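This report describes selected residues and one helix pair in a protein model. Please consult the sequence and the structure shown below while reading.

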Amino acid sequence: MKQPATVLLTALAPVSWGTTYAVATQFLPADRPLFTGLMRALPAGLVLLALSRVLPRGAWWWKAAVLGALNIGAFFPLLFLSAYRLPGGMAAVVGSVGPLFVVGLSAVLLGQRPTGRALAAGVVAAFGVSLVVLKAAGVLDPVGVLAALASTASMSTGTVLTKRWGRPEGVGPLALTAWQLTAGGLLIAPLALLVEGAPPALDARALGGYLYLALANTAVAYWLWFRGIGRLTATQVTFLGPLSPLTAAVVGWAALGQALTPVQLAGMALAFGATVAGQLGARRASVSFSSPEWNHRKDSMDLTDGALRR
């Protein structure tokens, strides 16, 4: 598949994640973030595991556990914790610096040199998101800030390691997604029981919300996300992340009657423009690494793992 089509399909993942807040507030029980994270991850992982019918082998047992912890098991609880403890939109702003985390980690783990375009696009994207989501400033809770930073670092590290490790021979992105969601869900389960107690009673409305989150918002979205990591650079994938808070703002306007101010519209334009610029910059960087003068280093670099396995 041509790269633009891959980018567009991968972008559907953060767009889907942008609907999470609206679904959670309108359909799900209040104050159950860990249970919600569990209901997103574990059922989706088990469904994909049944479809793929492939279990990890050898070193991939611990690799899948590490990736599941970083991308799901730690990311979900930390993200919810930060969202509950920080004033409006601050968690999304901290999360929007994810591209900068990935640019730095890609330099260390993938040998991909950061470019000025990527760094500038990351800063502009974070600024644009801040204009969209920040509301009246409140007292910043230190635990909330640390949780937001940790969630961003966790997902960023998981994205880069997913790129570095690739996939076992003959294993597709569906199985890789199943392993991570299942491992992450199993990590969240005891934490949810310990912190929140027994599961709440669910009506038809809540069951429908959880069904959407587990299937479309998690199973399909994360499959597209990990599929994209295998075909694009880690930086390209993470620069699609700002589409999530932008989608949340659009859904809030269209479905929840929330107004969009001129400042928010300007922020959306900045963040979207930075996302596009980040795609172009990361693509050029990946091309430069496949040029003749770098051919002698290909065997020692994991940057081309995804392309070699296709």
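## Residue environments and a helix pair

Arg-85 has a relative accessible area of 39% and is therefore partly exposed, since that class lies between 20% and 50%. The model discussed here is a predicted one. Arg-85 belongs to helix H5, which spans residues 75-85. Apart from neighbours within four places in sequence, Arg-85 is in contact with Asp-141, Val-143 and Gly-144. Of these partners, Gly-144 is 59 residues away from Arg-85 in sequence, yet the C-alpha atoms of the two are 5.0 Å apart in space.

Ser-154 lies in helix H9, residues 142-165. Its relative accessibility is 6%, so Ser-154 counts as buried, the limit being under 20%. When neighbours within four places in sequence are set aside, Ser-154 touches Ala-69, Leu-70, Ala-74 and Phe-75.

The two residues are set out below.

| Residue | Helix | Relative accessible area |
|---|---|---|
| Arg-85 | H5 (residues 75-85) | 39%, partly exposed |
| Ser-154 | H9 (residues 142-165) | 6%, buried |

A further feature is a helix pair. Two packed helices are described by the angle between their axes and the distance between the axes. For helix H1 (residues 3-17) and helix H11 (residues 204-231), the axes come within 8 Å and cross at roughly 145°. The crossing of H1 and H11 is left-handed. Contributors to the contact include Leu-9, Ala-13 and Trp-17 from H1, and Tyr-212, Trp-225 and Arg-231 from H11. By class, the residues of this contact comprise eleven nonpolar, five polar and two charged.

Definitions and conventions. Residues numbered from 1 in each chain as written. Predicted model: local features only at pLDDT ≥ 70, side-chain atom pairs only at ≥ 80, totals over all residues. Heavy atoms only, no water. Helix = DSSP H or I, 4+ residues; strand = E, 2+ residues; numbered from the N terminus. Buried < 20%, exposed > 50% of the residue type's maximum accessible area, 1.4 Å probe, protein only. Contact = heavy atoms within 4.5 Å. Axes fitted to C-alpha atoms, helices over the stretch in contact; angles between N-to-C directions. Left-handed = near helix turned anticlockwise from the far one by under 90°. Nonpolar A, V, L, I, M, F, W, Y, C, P; charged D, E, K, R; others polar.
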